[in-house]
Amino acid sequence: MSLTQVLILLGAPGAGKGTQAVRLCAARSLAHISTGDLFRENLKKETALGKRAKGFMDAGQLVPDELVLEMLFDRVAKPDCRNGYLLDGFPRTIAQAEALEKRLGPSNRAGNHVTVLSLRVPESVLVERLTGRRTCSACGNIQHMLFSAPKIAGKCDKCGGALVQRSDDTVEVVKKRLEVYRAQTQPLEGFYSARKLLTEIDGHRGEDEVFRDLSARAFAALDGEAA
Ligand code: AP5
Ligand code: MG
């Protein structure tokens, strides 16, 4: 039976997970699974799950594990995930990581079943990235008012759709999200490091430079070249 390759992108809010995930998945035809995006889609469609998640998201808190796990496991059971998928924003707690490990089974010895890439960015930079982020309401393209400024004000460079600010990208909510990240998500670095699955990437560089480094590690793992 062939292994399902799972890439996990770890990183604080604003570290560049979504930006890099889109590029990695396009390069290798992987399914891009962002739990944040899945909740936002549910919110848009006004589903019961979306309504339950909204209060947590607006407060900068994590959505309870049981809601996340059910949604995530439903999603990765879809046919487009059969050969491999990239997780962006999941897992976010030790309990989520344990549930994923249980579902996938132990990683093989070469570590190329599950590969965890952690984007490291100083906290002072994260606040500026998040408060200046704008996302296309039509195609989801991620831009930044300064670092990838739109060519036409307020319009997406890719499709011309309206660029909007995420409701959890205010200074107050960002501070809370960073606090929650330190307390509940950062311990995952130790969890995956103990399993020899973790590679750290310097995410405080230009988007292209980060992509070169990240994709080299990711593709080596997908191609079974991981040490
Ligand atoms: P989610 O949507 O996952 O948000 P997040 O983890 O806080 O991460 P972000 O999407 O804010 O940042 P990113 O790393 O993707 O950065 P991006 O590439 O956009 O989750 C939202 C909420 O949903 C959570 O708070 C929680 O409530 C809930 N949730 C989701 N998953 C959950 C889970 N598993 N369990 C429980 N709750 C969950 O980049 C940011 C900005 O920086 C952009 O403007 C971009 O253009 C710019 N940028 C990117 N790279 C660079 C670069 N190299 N140089 C300069 N600028 C850059
Ligand atoms: Mg994101």
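**Exercise 1. State how β4 and strand β8 (residues 198-202) pair, then place β4 in its surroundings.**

Solution. β4 and β8 run parallel, joined over 5 bridges. Helices (H or I, at least four residues) and strands (E, at least two) are DSSP runs numbered from the N terminus, and two strands pair if DSSP finds at least two bridges between them. Within this pairing, Ser118 stands opposite Glu200 in β8.

The model is predicted: local features need pLDDT of at least 70, side-chain atom pairs count only at pLDDT 80 or more, and totals for chains, interfaces and linings use all residues. Residues are numbered from 1 along each chain as its sequence is written, chains are lettered from A and ligands numbered from 1 in the order in which they are written, and side-chain values use heavy atoms, with hydrogens and water left out.

Next, take β1. It pairs with β4 in the parallel sense over 6 bridges, and Gly11 has Leu119 in β4 as its bridge partner. Last, take burial, where buried means under 20% relative accessible area, exposed over 50% and partly exposed in between (1.4 Å probe, protein chains only). Because 6 of the 7 residues of strand β4 (residues 114-120) are buried, this strand is largely enclosed by the rest of the structure.

**Exercise 2. Describe the surroundings of Leu7.**

Solution. Leu7 lies in strand β1 (residues 5-11). Its relative accessibility is 3%, so Leu7 counts as buried. Contact means heavy atoms within 4.5 Å; not counting residues up to four places away in sequence, Leu7 touches Leu30, Tyr85, Leu86, Leu87, Thr115, Leu117, Ala218 and Leu222. Leu7 and Val114 are 107 residues apart in sequence, yet their C-alpha atoms are 6.0 Å apart in space.

**Exercise 3. Find which residues touch the most other members of the largest nonpolar core.**

Solution. A nonpolar core is a set of buried Ala, Val, Leu, Ile, Met, Phe, Trp, Tyr and Cys residues joined through side-chain atoms within 4.5 Å. The largest has 29 residues, and those touching the most other members are Ile8, Ile33, Val76, Tyr85, Leu87 and Tyr192. Helix α4 (residues 65-76) gives the most to this core, with 7 residues. Another core, of 25 residues, lies apart from it; among its members are Ala12, Val125, Tyr181 and Val210.

**Exercise 4. Work out the strand order of the open sheet of 3 strands, and what packs on it.**

Solution. The order is β6-β5-β7, with antiparallel pairing. β6 (142-144) and β7 (163-164) are the edge strands, each pairing on one side only. Strand β5 (residues 133-136) is joined to β6 by 3 bridges, and Arg134 stands opposite Gln143 in β6. Helix α6 (residues 123-131) packs on the sheet and touches β5 and β6; its direction makes about 40° with that of β5. Axes are lines fitted to C-alpha atoms, for helices over the stretch in contact, and angles run from 0 to 180 degrees between N-to-C directions.

**Exercise 5. Locate the salt bridges of Glu189 and Arg133.**

Solution. A salt bridge is a side-chain nitrogen of Lys or Arg within 4 Å of a carboxyl oxygen of Asp or Glu; by this rule there are 18. Glu189 meets Arg120 at 3.6 Å, N to O. This pair links helix α8 (residues 187-194) to strand β4, 69 residues apart. Glu189 is buried at 13% relative accessible area, whereas Arg120 is partly exposed at 34%.

Arg133 meets Asp169 at 2.9 Å, N to O, and both are buried. Salt bridges that share partners join Arg133, Arg166, Asp168, Asp169 and Arg177 into one network.
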